[in-house]
Amino acid sequence: MDILDHTGCELGEGAFWHPERGEFFWFDIMGRKLYCHDGETVEARDLPMLFSAAGWIDRETLILSGEEGLFRYNLVTNLLSPLFLIEADDTSTRSNDGRADPWGGFWASTMGRKAERGAGSIYRYFRGTLRKLHEGITIPNAICFDADRSLGYFADSARQKVWKQALDSETGWPVAAPEIFLDLKADGLVPDGAVTDAEGNVWIAHWGAGIVACYSPDGERIGKIAVPATQASCPAFGGEDLSTLYVTTAQEGMDAAALAADIHAGKTFHHKVEARGVPAPRFIP
């Protein structure tokens with residue numbers, strides 16, 4: 001993998017390719033930054049709170065998932081406006097993983113600020129309605145979707161498990177209880193962010209292992225790509241033909257000795273792959 005940006009993020013996350021702008025976005029959650037790579041340069045934008053995930057509404061407007069809920073963010077004016085508050089009165093939690101779904105909704109997760117056991121939840125916002133889909137999760141991650149199979153995926157990094165869930169083909173609401181897709185404990189792998197490709201394969205960044213692994217819809221690991229930083233956190237497909245894999249990483253929890261041994265920790269990477277992604281779906285407010 002090649003380095004896209006040398007900035008050492010404390011907690012790089014929320015990798016996202018804007019299909020209309022042709023630009024790659026990501027966050028440093030703890031640094032309260034939104035980064036954008038336009039193909040040539042990187043722009044850093046200061047944020048007033050912790051934000052962790054994004055989707056697109058139109059060319060100039062993003063939806064951001066932050067510690068107080070979902071917000072519209074205007075890329076021209078830098079103005080934030082609340083869309084729907086989520087656990088805004090609970091100062092013990094913050095946002096974590098999230099992603100727009102193929103039906104125009106947005107899945108947003110929360111977790112304890114100190115990763116307290118079972119303090120996290122996953123919500124879905126769709127056409128003005130917010131519902132809590134799952135609770136009792138310690139570190140919610142790997143939220144992604146397979147539109148062709150009407151499936152959603154999510155993980156609890158602390159439990160080292162990934163679930164799949166059947167979704168209504170018309171509305172995207174869950175229609176069945178989640179089922180185990182991957183139990184990674186025996187492999188010693190921790191699932192973090194994830195994204196699906198055009199074939200329905202699931203690409204998962206494995207925190208602490210320095211890899212992004214690719215799993216078939218049947219749960220078989222069919223490939224992996226080494227990341228030059230141990231704490232790989234979130235992948236996304238981008239580029240003109242959606243065949244570039246972008247990966248964020250993190251320095252979180254690393255002392256001076258660990259950083260000296262992991263010199264690329266927190267940097268952001270890209271790599272051309274044979275797979276093709278699917279365009280990030282538009283969020284419909």
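Mentor: Before we start, a polar contact is a pair of N or O atoms within 3.5 Å, and within protein one of them must be able to donate a hydrogen and the other to accept it. Keep in mind, too, that what we have here is a predicted model.

Trainee: Okay, which residue has a backbone nitrogen that the side chain of T138 reaches?
Mentor: Start with the place: T138 is in the loop between β13 (129-137) and β14 (140-146). Leaving aside neighbours within four places in sequence, T138 is in contact with M111, A115, E116, R117, G118, D156 and A158. From that group, the side chain of T138 reaches, at 2.9 Å, the backbone nitrogen of G118.

Trainee: And is T138 buried or exposed?
Mentor: The cut-off for buried is under 20% relative accessible area. T138 has a relative accessible area of 8%, so T138 is buried.

Trainee: Let's move to the annotated spot. Which residue does UniProt mark as "active site"?
Mentor: The feature comes from an unreviewed UniProt entry. The residue sits in strand β18, which covers residues 191-196. The record puts the "active site" at D192.

Trainee: What relative accessibility does D192 have?
Mentor: Look at the surroundings for a start: setting aside neighbours within four places in sequence, D192 is in contact with E13, N141, A142, S157, I204, A205, W207, A232 and S233. D192 counts as buried because its relative accessibility is 5%.

Trainee: How many disulfides does the count come to?
Mentor: Two cysteine sulfurs must be within 2.5 Å to make a disulfide. The sulfur of C144 has its closest cysteine sulfur in C234, but that is 9.6 Å away, so it is too far for a bond. C234 is likewise in no disulfide, with the sulfur of C144 as its nearest at 9.6 Å. The count of disulfides is 0.

Trainee: Is C144 buried or exposed?
Mentor: C234 has a relative accessibility of 1% and therefore counts as buried. With 0% relative accessibility, C144 also counts as buried.

Trainee: How many of the 6 residues of strand β15 are buried?
Mentor: Take the two directions in turn: L151, Y153 and A155 point one way from β15, while G152, F154 and D156 point the other way, and all are buried. That is why β15 (residues 151-156) is largely enclosed by the rest of the structure: the buried count is 6 of the 6.

Trainee: Which residue stands opposite C144 in β15?
Mentor: β14 and β15 run antiparallel and are joined by 5 bridges. They form a hairpin with 4 residues between them, and S150 in the turn has a positive phi of about 50°. Opposite C144 in β15 stands Y153.

Trainee: And which residue in β16 does F154 stand opposite?
Mentor: β15 pairs with strand β16 (residues 161-166) in the antiparallel sense over 6 bridges. This hairpin has 4 residues between the strands, and Q160 takes a positive phi near 60°. In β16, F154 stands opposite W163.

Trainee: Which strands are at the edges of the sheet with the order β6-β7-β8-β9?
Mentor: This is an open sheet of 4 strands with antiparallel pairing, ordered β6-β7-β8-β9. An edge strand has a single partner, so one side of it is left without a neighbour in the sheet; here the edges are β6 (51-56) and β9 (80-85).

Trainee: Which residue stands opposite R72 in β9?
Mentor: Strand β8 (residues 69-74) pairs with β9 in the antiparallel sense, over 5 bridges. The residue in β9 opposite R72 is S81.

Trainee: What about the open sheet with the order β10-β11-β12-β13: by how many degrees are its neighbouring strands turned against each other on average?
Mentor: That sheet has 4 strands with antiparallel pairing. Its edge strands are β10 (93-100) and β13, each pairing on one side only. With direction ignored, the average turn between neighbouring strands is 20°.

Trainee: In β13, what is the bridge partner of Y125?
Mentor: Strand β12 (residues 120-126) pairs with β13 in the antiparallel sense over 7 bridges. In β13, the partner of Y125 is L130.

Trainee: Last one: how far apart in space are A198 and F106?
Mentor: A198 lies in the loop between β18 and β19 (202-206), and its 39% relative accessibility counts as partly exposed. Setting aside neighbours within four places in sequence, A198 is in contact with R276, G277 and V278. A198 and F106 are 92 residues apart in sequence, and their C-alpha to C-alpha distance is 20 Å.

Notes
Residues numbered from 1 in each chain as written. Predicted model: local features only at pLDDT ≥ 70, side-chain atom pairs only at ≥ 80, totals over all residues. Heavy atoms only, no water. UniProt positions renumbered as here; feature names shortened; annotations may be inferred. Buried < 20%, exposed > 50% of the residue type's maximum accessible area, 1.4 Å probe, protein only. Contact = heavy atoms within 4.5 Å. Pairing = 2+ DSSP bridges. Axes fitted to C-alpha atoms, helices over the stretch in contact; angles between N-to-C directions.
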